[in-house]
Every structure is written in structure tokens, then in C-alpha cells.
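User: I am new to this structure and would like to learn how to read its features one by one. Could you take me through them slowly, giving the general idea before each case?

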Amino acid sequence: MKMADEEAKTSAFTRNKLISFINAEFGDDVKQLARAKELLEKLSTEKDIIEEKLSLHVTAVDGDSSLRTTLQTAQEAHKQIDFLVLEEKEISGKTAEHVCKVQPVVEQFLQFSSKVQQLEKYTHYLTWILKIDEFRFI
């Protein structure tokens, strides 16, 4: 269950990254869509180069199990980092939402606190007036 959640969050993260990339490449100008084929070819070439490099690395790593283990550990760490980034964004969003909800309560609390401080000053003032009155009648 937990792995499925992580995969869903990773998929959503990847989708958001892809949307941001496409928006950055094409923007709001419809004429830029003519570059889509060119961009697809460029990215396909880059993907092929990366896959080729990866297969060379995997072939080299196959001979040494400690390197393979290290590679797997690094890949797992990468997945965990992506998951933590998603969690951080989610928590940041919830925190910002909570701050917005609590703001009116904080303002009310500050108003009441100010009124209490003012009442304390009046009480202190009245205490001194009573002491002065007592001295007058002595």
C-alpha cells in the first residue's frame, strides 16, 4: 500500500515537472507548437544517448556486486528524496492554509490581550487612588 502511494506521488511529481517543462518551452504562443516535432526529436535523441550510457554503466556494474548494490541504494535514496520533497510541499501547503485559518483568531487574541493589559493599568491606577484616599482620611 505504501509503495503504491509513493508511486502515485512520484507519478504526480513527474507529471507536474513535465507540464512545467512544456509550459516553459512553448509558453502561451500557439505558434511555438510548431517546434513540438523538433523538440520531440531532440529529446528522443537525448533519451537514446542516456539509455546507451546507462546500459554501458549497467554492463560495467554487472561484474561487481558491490557497485550494483550501491547503485540500487542510490536509486532507492533518490526515490525517498522525491517522496520527501512531495511531503514537504504538501505540509507547506497545509501549514499555509492553517495560518490563513488561524489569522483571525490570532488577531482577536491580540485585541483581548491589549484590553486585558489596559484593564490591568486601570486596576493599578485605581489601587493608587484608593491608597491616596486612605491617607487623606488619616
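**Reading the features step by step**

Analyst: Of the 138 residues of the protein, 5% count as buried, and you should keep in mind throughout that this is a predicted model. The accessible surface of the protein comes to about 12400 Å², and 63% of that surface belongs to carbon and sulfur atoms.

User: How many helices and strands are there, and in what order do the elements run?

Analyst: The protein has 3 helices and 0 strands, and from the N terminus on its elements run α-α-α. Helix 1 covers residues 2–26, helix 2 covers residues 36–62, and helix 3 covers residues 65–136.

User: Which residues of helix 3 are buried, and where does this helix bend?

Analyst: A residue counts as buried when its relative accessible area is under 20%, and in helix 3 the buried residues are Asp-82, Phe-83 and Leu-86. For the bend, one compares the axis fitted to the residues ending at a position with the axis fitted to those starting there; in helix 3 this gives about 40 degrees at Val-102, with a proline, Pro-104, following within four residues.

User: How many salt bridges are there, and which residues form them?

Analyst: The idea is to look for a side-chain nitrogen of Lys or Arg within 4 Å of a carboxyl oxygen of Asp or Glu, and by this rule the count comes to 3 salt bridges. Lys-47 pairs with Glu-51, their closest N and O atoms being 3.6 Å apart; Glu-90 pairs with Lys-94 at 3.3 Å; and Lys-101 pairs with Glu-97 at 3.4 Å.

User: How far apart along their helices are the partners, for instance Lys-47 and Glu-51?

Analyst: Lys-47 and Glu-51 are 4 residues apart in helix 2, so about one helical turn separates them. In helix 3, Glu-90 and Lys-94 are likewise 4 residues apart, which means a separation of about one helical turn, and Lys-101 and Glu-97 are also 4 residues apart there, with about one helical turn between them.

User: Are these partners exposed or partly exposed?

Analyst: Here the cut-off to remember is that exposed means over 50% relative accessible area. In the helix 2 pair, Lys-47 is partly exposed at 47%, and Glu-51 is partly exposed at 42%. In helix 3, Glu-90 is partly exposed at 38%, whereas its partner Lys-94 is exposed at 51%; Glu-97 is partly exposed at 45%, whereas its partner Lys-101 is exposed at 57%.

User: What does a search for aromatic pairs find, and which charged end sits over a ring?

Analyst: For aromatic pairs, one asks whether ring centres lie within 6.5 Å of each other, and a search of the whole structure finds 0 such pairs. A ring can also have a charge over it, as with Trp-128, where the charged end of Lys-131 sits over the ring, 5.1 Å from its centre.

User: Which residues form the nonpolar patch on the surface, and which helix gives it the largest share?

Analyst: A nonpolar patch joins nonpolar side chains within 5 Å of one another, and in this protein Leu-18, Phe-21, Ile-22 and Leu-43 form one on the surface, with about 320 Å² of accessible area together. Helix 1 contributes the largest share, 3 residues, while Leu-43 is found in helix 2, where this leucine is partly exposed with a relative accessible area of 33%.

How values were computed. Residues numbered from 1 in each chain as written. Predicted model: local features only at pLDDT ≥ 70, side-chain atom pairs only at ≥ 80, totals over all residues. Heavy atoms only, no water. Phe/Tyr/Trp six-rings, centres within 6.5 Å; stacked < 30°, edge-to-face > 60°. Lys NZ or Arg CZ within 6 Å of the ring centre and 35° of its normal. Helix = DSSP H or I, 4+ residues; strand = E, 2+ residues; numbered from the N terminus. Buried < 20%, exposed > 50% of the residue type's maximum accessible area, 1.4 Å probe, protein only. Bend = angle between axes of the 7 residues up to and from the residue. Areas by Shrake-Rupley, 256 points an atom, 1.4 Å probe, with all protein chains shown as cover. Patch = residues over 30% accessible without salt bridge, like charges linked within 9 Å, V, L, I, M, F, W, Y side chains within 5 Å.
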